[in-house]
Amino acid sequence: MALKFTTSYLEDSLAVFRYYKKLAENAMAQVTDEQLFRLLDEETNSIAVVVKHMAGNMRSRWMDFLTSDGEKPDRNRDSEFVDPPDTREGLMQLWEHGWHCVFSALEPLSDADLARTVTIRGEPHSVMQAINRQIAHYANHVGQIVLLAKHLQHANWKPLTIPRNKSANFNQKVLAHEISQR
């Protein structure tokens, strides 16, 4: 499916969030259950911990998005980096709940809402700034998930984007509207 042309910031933001969600899910699908929880060393996070952190952030930022601070008083950010759910199923339920918070907050918005003010840790942001902040944050963590999954799968890794030495073929398919850049 070809990229949908749009001049709507909200429509494109939703598409970008969906792209990163799918990218992470496709990476996680390639690893074993055990690999979801594997640490490369004591200073790195496992895929499961990154997912738990993202889900905690999503719940905090997007629940009551327009009416309460994005850093909810009941959020314990430090706890997001320990003790993730111990099964793939539990982890994916947490992941889906986080994304449900994102999409439930953004889908009803209109262009007029972009100039509204929300706060994150008491700091004012336009709705547009808050969305940009979270796109950048989630892209960073999805990149971590992809890198960890690729490292753990090594020779068994199936590329999620353009495979090595296949750029010309990819470009042809995009130009033929057979695939999308997203």
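Q: A pocket is an open set of grid points with protein on both sides within 12 Å along at least five of seven lines. How much space lies in the second largest pocket?
A: Start with the general idea. Rolling a probe the size of a water molecule over the atoms shows where empty space is left. Now the case here, in a predicted model. The second largest pocket holds about 200 Å³ of space.

Q: Which residues line the second largest pocket?
A: Its lining runs through L23, V146, K150, H154 and W157, then P159, L160, T161, I162, P163 and R164. By class, that lining is 7 nonpolar, 2 polar and 2 charged.

Q: H154 is in that lining. What is the sign of its phi?
A: General idea first. Most residues other than glycine have a negative phi, and most peptide bonds are trans. H154 has a positive phi of about 45 degrees, although it is not a glycine. It sits in the loop between α5 and α6 (167-175).

Q: Where is D64, and is its phi positive or negative?
A: D64 lies in the loop between α3 and α4. Its phi is positive, about 50 degrees, and D64 is not a glycine either.

Q: How many cavities of 30 Å³ or more does a search of the whole structure find?
A: The idea first: a cavity is a set of points where a 1.4 Å probe fits but cannot get out. The search finds 1 cavity of 30 Å³ or more. The largest cavity holds about 50 Å³ of space.

Q: Which residues line the largest cavity, and which element gives the most?
A: The lining residues are R61, W62, F65, S68, G70, V118, T119, I120, A130 and Q134. Three elements each supply at least two of them: α3, β1 (117-120) and α5 (127-153). β1 gives the most, with 3 residues. Sorted by class, the lining has 5 nonpolar, 4 polar and 1 charged residues.

Q: Next, helix packing. At what angle do α1 and α5 pack?
A: Two packed helices are described by the angle between their axes and the distance between the axes. For α1 (residues 9-28) and α5, the angle is about 15 degrees and the axes are 9 Å apart. Angles under 35 degrees count as roughly parallel, so α1 is roughly parallel to α5. The crossing of this pair is left-handed.

Q: Which residues of α1 and α5 meet?
A: The α1 side offers Y9, L10, S13, V16, F17, Y20, L23, A24, A27 and M28. They meet M128, I131, N132, Q134, I135, Y138, A139, V142, I145, V146 and A149 of α5. The contact counts 18 nonpolar, 3 polar and no charged residues. L23 and V146 also line the second largest pocket.

Q: How do α3 and α5 pack, parallel or antiparallel?
A: Read the angle. Their axes are 10 Å apart, at an angle of about 165 degrees. Over 145 degrees counts as roughly antiparallel, so α3 and α5 are roughly antiparallel to each other. The crossing is left-handed.

Q: Which residues of α3 and α5 meet?
A: From α3 come I47, V50, V51, H53, M54, N57, M58, R61 and W62. Their partners in α5 include I131, Q134, Y138, H141, I145 and L152. This contact divides into 13 nonpolar, 6 polar and 2 charged residues. R61, W62 and Q134 appear in the lining of the largest cavity too.

Q: What is the crossing angle of α3 and α4?
A: The axes of α3 (residues 47-62) and α4 (residues 88-106) cross at roughly 30 degrees and come within 8 Å. This pair is therefore roughly parallel. The crossing is left-handed.

Q: Which residues of α3 and α4 meet?
A: On α3 they are A48, V51, K52, M54, A55, M58, R59 and W62. Across from them, α4 brings residues including L91, L94, W95, W99, V102 and L106. The classes are 14 nonpolar, 2 polar and 2 charged.

Q: One loop residue to finish. Where is D111, and which residues does it touch?
A: D111 sits in the loop between α4 and β1. Not counting residues up to four places away in sequence, D111 touches S8 and L10. L10 is also part of the α1 contact with α5. For a wider view, take D111 and R164, 53 residues apart along the chain. Their C-alpha atoms are separated by 39 Å.

How values were computed
Residues numbered from 1 in each chain as written. Predicted model: local features only at pLDDT ≥ 70, side-chain atom pairs only at ≥ 80, totals over all residues. Heavy atoms only, no water. 1 Å grid on protein atoms, 1.4 Å probe; cavity = no way out; pocket = protein on both sides within 12 Å on 5 of 7 lines; lining within 4 Å. Points joined across faces, edges and corners; volume = space filled by probe spheres on them. Nonpolar A, V, L, I, M, F, W, Y, C, P; charged D, E, K, R; others polar. Axes fitted to C-alpha atoms, helices over the stretch in contact; angles between N-to-C directions. Helix = DSSP H or I, 4+ residues; strand = E, 2+ residues; numbered from the N terminus. Parallel < 35°, antiparallel > 145°, perpendicular 65-115°, else oblique. Left-handed = near helix turned anticlockwise from the far one by under 90°. Contact = heavy atoms within 4.5 Å.
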